[in-house]
Amino acid sequence: MKTPEFFKRSELTATLWLFRREFLIVGAFSMIANVLMLAPTLYMLQVYDRVLTSQSELTLLVMSLLTLFLFAVMGFAEWMRSRVLVVAGVRLDEQLSTQVFNASFEAHLSQSGNVPSRSFGDLIQIRQFLTGNGVFAFFDAPWTPIYMAVLFFLHPWLGVMGVVFALIQAGLAWFGHRHTLAPSEAATQANADAGSFLQGKLRNAEVLESMGMIRNLQARWADRHQTYLARGAVSQHLTHRITAISKFIRYTQQSLALGAGALLVIDGQLSPGGMIAANVLMTRALAPIDMIVGSWRQFIGMRAAFARLETLLLNYPPRDPAFKRVAPTGQLSLEQVCAIVPERPTPILQNIDLQVKAGTVTAVLGPSGSGKSTLARVLVGIWPDVSGQVLLDGLPINGWNRIELGPHIGYLPQDVELLEGTIAENIARFGKVDPAQVIAAAQSAGLHDMILRFPKGYDTPIGEAGNLLSGGQRQRIGLARAIYGNPVLIVLDEPNANLDDAGEAALFRTVQELKANGKTVFLITHRPGAVAVADRILLLRDGQIQAEGPRDAVIAAVQAARQPPARPAPDLTALPA
Ligand code: ATP
């Protein structure tokens, strides 16, 4: 069947549409269960009005067995509909979790979206609602009019009474929705804020402890937590008040229905069996409305989670399943590239034009804040907002599927960012560990002997964020990870910041090896020694290229510029004397 327009809006709605069969099956089982809900009513009518008057035990036995059978069918239908929804819930999760994972990852990368943990919480919330009791209320609610019709059939006044109570309950549900929506969303938001504040700060536990900052932070977190508690209390008070009113109405309705029935029996307009049956039926007719009122909070939470997840998946749709491309050689060209940040009036990088042949080592120099790390991110195609063209082998780098491009790229960021796992797993980028390649990368990075000195060698766990290693060791493992698997474009952002002389010498040897193997290397550094291994130099200042070209030509130009004192000289601090 063709997917209707509405369901094409996002992956989320489109995926839900895939479950239409399951919803139809649940609807069918709900129909069976709800029709059979009339069985106790009929049984009571028969027992009071037929069995008691005829005194026939056989009729009672037959009626009882039949009713028992109908109850069994009803129980089976209810069990089946729960089962179908639980299985569908697991499948829904399986269908969506990869997309949610990828989308939240991209949102994180572009620093503008949900945090990943929240998105998975949202997915769980949707699944729990769709497989929980609350959703059955929505399947049972359409049966309320049918029960009402039977009530009208028993006696018009009983029908009127049922309608009045249904309207009151529905009004209460609507009132609940209007008044609890804002406070409950505000409470959820405040809770998420307090949670992410705490999570962010706990990552820097050592800094907090060493400078006694914990109390200051605790006070700031407590402010946020208080906001959550206050907003949560407002929303809970309201919900409880509505639940209490709803209970009051339910009890009133039960007694009044019986009273009204009794009055009709006294008047001779209804049989005693009809009175009892009407009472059971009315309670049954109002049960879904009652359930909707009870699970309103859950429904609102689910709706908000749905909207958040839908926005996330709309903003970060699955990428094109990549047209298979030939492996790049590492030739790079930047045309009028600007790296943009929404909150900054001027781009961080402006009008960068650059042509780099495969097998070239480029040293990127410039003062702090000149845009070197940003250029590194642009070069590997992870800066979210870039204008102009970044072409790898003549093709836009952001047109690649990252999974396909990743193995061709080596990137060592300024903050090395190792992941929890073993040294071998980190070097092998968490793919299938190929021992020969891991050792080759470690040897190139001058790391092999150091790793062998660890008690567990390559299987040494490095702890979360690599915090069981020294800064220099982390940097070398990051370098080995960057060159693992023979990538063609390697961008190293201050790879020697934490290295001793031996480490730096190993790094330069690695760069020379890479160059000899025809790889394209960008070496971002503050240390002048790196210039010696470079073919080209790129000098950045205030996000613009100040000088760029073959190493000796740039050095000569810079030195010439130093001569006449009147001309403004480019920043030379990073160049060798
Ligand atoms: P350093 O040598 O100190 O590492 P750098 O040359 O690598 O500096 P970048 O990290 O590229 O400089 O930063 C260049 C400028 O861009 C800085 O002014 C920085 O504040 C700004 N910047 C970097 N990343 C972002 C971001 N995500 N959002 C907003 N501004 C940013």
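Modeller: Before we start, two strands count as a pair if DSSP finds at least two bridges between them. Also, keep in mind that this is a predicted model.

Biologist: Okay, so in which sense do strand 1 and strand 4 pair?

Modeller: Strand 1 covers residues 332–339 and strand 4 covers residues 386–392. Six bridges link the two, and a pair needs at least two. As for the direction, strand 1 and strand 4 are antiparallel.

Biologist: Which residue does E335 stand opposite in strand 4?

Modeller: Let's zoom in on the pairing of strand 1 with strand 4, which is antiparallel. Facing E335 from strand 4 is Q389.

Biologist: Strand 4 and strand 5 form a hairpin, but which residue in the turn has a positive phi?

Modeller: Strand 5 is short to write down, residues 395–396, and two bridges join it to strand 4 in antiparallel fashion. One bridge matches L392 with L395. Two residues sit between the strands, and the one in the turn with a positive phi, about 55 degrees, is D393.

Biologist: Now the open sheet of six strands: which strands stand at its edges?

Modeller: Read the order across the sheet, 6-7-8-3-9-10, where the pairing is mixed. An edge strand has a single partner strand, so one of its sides has no neighbour in the sheet. That fits 409–412 and 544–550, in other words strand 6 and strand 10.

Biologist: By how many degrees are neighbouring strands of this sheet turned against each other on average?

Modeller: Take each strand of the 6-7-8-3-9-10 order with its neighbour. Ignore direction and average the turn, and you get 10 degrees.

Biologist: Which residue stands opposite L540 in strand 10?

Modeller: Strand 9, residues 536–541, pairs with strand 10 in the antiparallel sense over six bridges. Across from L540, in strand 10, you'll find I545.

Biologist: On to the ligand: how much of its exposed area does the protein bury?

Modeller: Start with the contacts to ligand oxygen atoms: an N or O atom in the S368 side chain is 2.8 Å away, a backbone N or O atom of G369 is at 2.9 Å, and one of G371 is at 3.0 Å. Taken alone, the ligand exposes 630 Å², and the share of that buried by the protein is 70%.

Biologist: And how many residues of the shell around the ligand are polar?

Modeller: There are 16 residues around the ligand, with K372, S373 and T374 among those that come nearest. Set aside the four nonpolar and three charged ones, and the polar count is nine.

Methods:
Residues are numbered from 1 along each chain as its sequence is written. This is a predicted model: local features need pLDDT of at least 70, side-chain atom pairs count only at pLDDT 80 or more; totals for chains, interfaces and linings use all residues. Side-chain values use heavy atoms; hydrogens and water are left out. A residue is near a molecule or strand if one of its heavy atoms lies within 4 Å of it. A polar contact is a pair of N or O atoms within 3.5 Å; within protein, one must be able to donate a hydrogen and the other to accept it, and residues adjacent in sequence count only if both atoms are side-chain atoms. Accessible areas come from the Shrake-Rupley method with a 1.4 Å probe; for residues, only the protein chains shown count as cover. Ala, Val, Leu, Ile, Met, Phe, Trp, Tyr, Cys and Pro count as nonpolar, Asp, Glu, Lys and Arg as charged, and the others, Gly among them, as polar. Helices (H or I, at least four residues) and strands (E, at least two) are DSSP runs, numbered from the N terminus. Axes are lines fitted to C-alpha atoms, for helices over the stretch in contact, and angles run from 0 to 180 degrees between N-to-C directions.
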